[in-house]
Number of protein chains: 2
Amino acid sequence: MKHPLFSHHHPVTPEMRAARNRQKPFIIWFTGLSGSGKSTLAGQLELLLHEKGFRTFLLDGDNVRLGLNGDLGLSPADRRENIRRVGEVAKLFLDAGITVLCAFITPYEKERRALKEKFGERITIIHLTTPLELCRQRDPKGLYADWQKGRIKGLTGLDAPFEHSESTDVQLDTSTITADEGARSLFERLFGQPHC
Amino acid sequence: MKHPLFSHHHPVTPEMRAARNRQKPFIIWFTGLSGSGKSTLAGQLELLLHEKGFRTFLLDGDNVRLGLNGDLGLSPADRRENIRRVGEVAKLFLDAGITVLCAFITPYEKERRALKEKFGERITIIHLTTPLELCRQRDPKGLYADWQKGRIKGLTGLDAPFEHSESTDVQLDTSTITADEGARSLFERLFGQPHC
């Protein structure tokens, strides 16, 4: 039996917070395999936005999984719950007037589509299509090596699926570009103008 | 079996975000019974801070329980998880350079103490000591009436405990003051100067 709930109307509104920051906050969500460059590129794009005067924040699989989602593992149900919670936190940041970058594998199409439905034009989903073989070579967290040695299971791209994506807005392969080049390219895509 | 995790170091740091906002972000956490005035007072204090130029956000039991914590009920375990998650989200807002006001019953001393240990000088816990009888008269959400009619169970102060508090920094009884008076009084307590 749950208590009835309703939303309070507080004196300071999301619109007032956004106006104070002189920005229309939005979400930039990176999806792709481990090692595809999500966190690196999100960090570099955040730096570019910060230098331009945006108020920003970065949520990624590592800092969220160490804190808020520290109770979750890598089962399909926990992966879905991970993305659900991050989507809700991203919503809170939008309400706070902050542009938020999210870097999560986000392997299931259903969750990606739910994000699009929830946020509409306020979210851009960027799929890093870096080939699996390069991700394995980079292996920034040693996950692929651990999987090879049988130490872990459920690694996306190997024994866990990365579902085909139809809901992403931008595809980018980080094989042959630097993080800075990638960030500048995305900035142009997002704002329709070159970054000088 | 979980994957190893580590924190990324991103180019934009919490210090850079706070500096951009020209503030040292902190947490103001309201604890007390339903109807004690937590959300109202938090909203009014946020308005005062906003008018002073602070970058702020307000988390409360209602807007968080409708979203992020929509999967949680009112069992002791769920109440603890509710507070744990909000603490983690508040941490993210600090890292984003935002001063965050939290309005949650927070009935258990263990969780209040955990917040003090986690945030140290960056949190002020304010206990609204408004008497139960007045909270029942106000009954802004109709919870006390529902409880009386047997429609709900586990209402803090009646058949669920509000544990004695030793970890709170400020006690305030909202019986005889307006929200604006309460907010101004708290501002003085927090900043050691009258609000002109």
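**Helix, sheet and two copies**

Author: Let's start with chain B of this predicted model. Helix H4 (residues 76-95) of chain B lies across strand E1 (27-32), E2 and strand E3 (99-103), and its direction is at about 160° to that of E3(B).

Reader: What makes the strands of chain B a sheet, and in what order do they come?

Author: Strands count as paired if there are at least two bridges between them. Take strand E4 (residues 123-128) of chain B: three bridges join E4(B) to E5(B). That meets the cut-off of at least two, so the two strands pair, and they run parallel. Inside this pair, B:Ile126 stands opposite B:Val170 in E5(B). The whole order in chain B is E2-E3-E1-E4-E5, five strands in an open sheet with parallel pairing.

Reader: Why are E2 and E5 of chain B said to stand at the edges?

Author: Strand E2 (56-60) and strand E5 (170-172) of chain B each have a single partner strand, so one side of each has no neighbour in the sheet. As for the twist, neighbouring strands of this sheet are turned by 20° against each other on average, direction ignored.

Reader: How do you know how chains A and B are related?

Author: Chain B lands on chain A after a rotation of 180° with 0.0 Å of shift along the axis, and the RMSD is 0.0 Å. The two copies are therefore related as by a two-fold rotation axis. In chain B, the C-alpha nearest that axis belongs to B:Val89, 3.7 Å from it. Both copies also use the same surface: 100% of the contact residues of chain B recur in chain A.

Reader: Why is A:Arg22 called buried or exposed?

Author: The label "exposed" needs 12 or fewer other C-beta atoms within 10 Å. A:Arg22 has 10, so A:Arg22 is exposed. You'll find A:Arg22 in the loop between helix H1 (14-20) and strand E1 (27-32) of chain A.

Reader: And why is B:Thr106 called buried or exposed?

Author: Here the count is 29 other C-beta atoms within 10 Å. "Buried" takes 20 or more, so B:Thr106 is buried. B:Thr106 is in a loop too, the one between E3 and helix H5 (109-119) of chain B.

Reader: What is the phi of A:Arg22, and what is the phi of B:Thr106?

Author: Most residues other than glycine have a negative phi. For A:Arg22, phi is near 50°, a positive value in a residue that isn't glycine. B:Thr106, also not a glycine, has a positive phi of about 50°.

Note on methods: Residues are numbered from 1 along each chain as its sequence is written. Chains are lettered from A and ligands numbered from 1 in the order in which they are written. This is a predicted model: local features need pLDDT of at least 70, side-chain atom pairs count only at pLDDT 80 or more; totals for chains, interfaces and linings use all residues. Helices (H or I, at least four residues) and strands (E, at least two) are DSSP runs, numbered from the N terminus. Axes are lines fitted to C-alpha atoms, for helices over the stretch in contact, and angles run from 0 to 180 degrees between N-to-C directions. Two residues are in contact if their C-beta atoms, placed from the backbone, lie within 7 Å. Copies are superposed by least squares on the C-alpha atoms of residues with pLDDT of at least 70 in both.
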